[in-house]
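I sat down with this one to see how the ligand is held. These are my notes, in the order I looked things up.

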Amino acid sequence: MARTYASDAAPYDVVVIGGGPGGYIAAIKAGQLGLKTVCIEKRGALGGTCLNVGCIPSKSLLNNSHKYHDVQHDLKKRGIDVEGVKLNLDVMLKAKDKAVTGLTKGVEMLLKKNKVDYIKGMASFAGPNKLDVQLLDGGETQVEGKNIVIATGSEVSPFPGIEIDEKQIVSSTGALSLPEVPKKFVVIGGGVIGLELGSVWRRLGAEVTVVEFNDAIGGPGVDADIAKLMKRTMEKLGIKFMLGTKVASVEKSADQVKIKAEDVKSGKEVDIDANVVLMSIGRRPNTSGLNLEAVGIEMDKRGRVVVDDEYNTSCKGVRAIGDVTFGPMLAHKAEEEGVAIAEFIKTGHGHVNYDAIPAVIYTYPEVAWVGKSETALKDEGVQYKTGTFPFMANSRAKTNEETEGLVKFIVEKETDKVLGVQIIGPNAGEMIAEATLALEYGASAEDIARTCHAHPTLSEAFKEAALASYDKPLNF
Ligand code: FAD
Ligand code: NAD
């Protein structure tokens, strides 16, 4: 039951709008720092996009669909014969929902533990320090805060003329809850969402085609060699790619969707049929209903709330973090900003190192990177060297029969200082943490190569790639 507050109650030190990874972490940290804090969330559950319709449900489906696929295609060669394997999609979806509910309830407990008030409702600005809140239970209240944090996240970017019905034409939210496996699943946009959710439905039996505007998949952070390898592994899974292809329109009839696309270079038209289409062409900041105009908060051309180095907006006392402002739309980036903003408010100091924000695409194998890509360094004219080590030469990967992929180090030519790491391979998402730490500490490749790594582990490939960047690998 949402609590209500009298409008004449003492103002809060911090009012956070949005209970996603940016907002709830900001609220928890502010509570821990002894600030009187409230978090206002309109969806009726905490955790934002990430916990409710993003990171968590997608990873549940990625994990369980991978197991289903493995049982059918991987276990036999390991001496495990399994017969009569059947998909129970209903149970798989329920397992996903259970993970979501458990975690969102956990966040509610964390707010309580840190003495943060929680209001279930939709906030909009009534003045620089004042918010009107439409309560989910009905009625309304006003909340005042010395500091207001906008952490309202992002929403699916619309495509002109295409209406998402979450049945035949779905966003990621619909694609996380399809009641049956579609025969033909077409993904528009070969970025992170398209590749992850395309993998899920392919593993569960759909024919999947990814239509991507660019000539490579995965987005700008992934180097060309890694993107190529990634495409090859996904093709082995049976996913078809139409690169350099731009979608122009999507039309639906009772049981079919017709996509009109064109080859970007030749302009040649292509028709594609689907039963279900996933629109995954990006997300945009969510500021709808906030009434930002009332307090003169500036936004840029892409709808992002403009902030300075301390997350201050153009309205005094109002700050913004997470997907609603600049930077990569990632949960852990929003969380780091949540901590920093609470510290700025309490002490005047806070810090996020934007050069060391890792990114992971949770396909199989996973793709992960941190720091600068080769492409970015070339553009900047920085002199660099690279060192790679394939999992094919790693004893643990060989033992596990999971040898696809490699680790690539990108280091400063003169000093061997680590500038970036890109990994495609088993557990890349876990291994990238070591690279992130290396960047944070300004490590050289030699620092890593001379650090003892346990044997036999996949992380030995990480050490060997570091070694390869300034000397010779030992095991390849
Ligand atoms: P959000 O999580 O979007 O939270 C904002 C909250 O504010 C929402 O709950 C919203 O209801 C609330 N709100 C909005 N307006 C108001 C208002 N006026 N009043 C009250 N409440 C309001 N990132 C990763 O790092 N790893 C992943 O694996 C990953 N997977 C993803 C998978 C999918 C399918 C999607 C869609 C996203 C994924 N992301 C992932 C991105 C991640 O979810 C976002 O970067 C992250 O949630 C941003 O956090 P945030 O706090 O800025 O905003
Ligand atoms: P994205 O920006 O990653 O990819 C969108 C893709 O759509 C791009 O490659 C773009 O070239 C393509 N595209 C755009 N218009 C097109 C058209 N008309 N025809 C064909 N292709 C077109 O966006 P997304 O996949 O929707 O993800 C949104 C955000 O969610 C990302 O910023 C990402 O950071 C976040 N996210 C992160 C994770 C993760 O960390 N594992 C998972 C899911 C989502």
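Which helix gives the most to the shell around ligand 1? I found that helix 2 does, with four residues. (Helices are DSSP runs of H or I with at least four residues, strands are runs of E with at least two, both numbered from the N terminus.)

Ground rules, before I go on. This is a predicted model, where local features need pLDDT of at least 70 and side-chain atom pairs count only at pLDDT 80 or more, while totals for chains, interfaces and linings use all residues. Residues are numbered from 1 along each chain as its sequence is written, chains are lettered from A and ligands numbered from 1 in the order in which they are written, and side-chain values use heavy atoms, with hydrogens and water left out.

**Entry: the shell.** I looked up who surrounds ligand 1 and got 39 residues, of which Gly22, Glu41, Thr49, Lys59 and Ala331 come nearest. (Near means that a heavy atom of the residue lies within 4 Å.) By type, the shell splits into 16 nonpolar, 17 polar and six charged residues. (Here Ala, Val, Leu, Ile, Met, Phe, Trp, Tyr, Cys and Pro count as nonpolar, Asp, Glu, Lys and Arg as charged, and the others, Gly among them, as polar.)

**Entry: backbone to ligand.** I checked polar contacts next (pairs of N or O atoms within 3.5 Å). A backbone N or O atom of Lys42 sits 3.2 Å from a nitrogen atom of ligand 1. For Cys50, a polar backbone atom is 3.3 Å from a ligand oxygen. For Ala331, the backbone comes to 2.9 Å from an oxygen of ligand 1. The protein buries 95% of the 990 Å² that ligand 1 exposes when taken alone. (These areas come from the Shrake-Rupley method with a 1.4 Å probe.)

**Entry: Ala331.** I placed Ala331 in helix 8. Is Ala331 buried or exposed? Ala331 is buried, at 18% relative accessible area. (Buried is under 20%, exposed over 50%, with a 1.4 Å probe and protein chains only.) Beyond its neighbours within four places in sequence, Ala331 is in contact with Pro21, Cys50 and Cys55. (Contact is heavy atoms within 4.5 Å.)

**Entry: Asp323.** An unreviewed UniProt entry lists several residues under "binding site", including Asp323 and Ala331; such annotations may be inferred rather than shown by experiment. I found Asp323 in the loop between strand 16 (318-320) and helix 8. Asp323 is buried too, at 16%. Its side chain makes a polar contact of 2.8 Å with that of Ser154.

How values were computed
A polar contact is a pair of N or O atoms within 3.5 Å; within protein, one must be able to donate a hydrogen and the other to accept it, and residues adjacent in sequence count only if both atoms are side-chain atoms.
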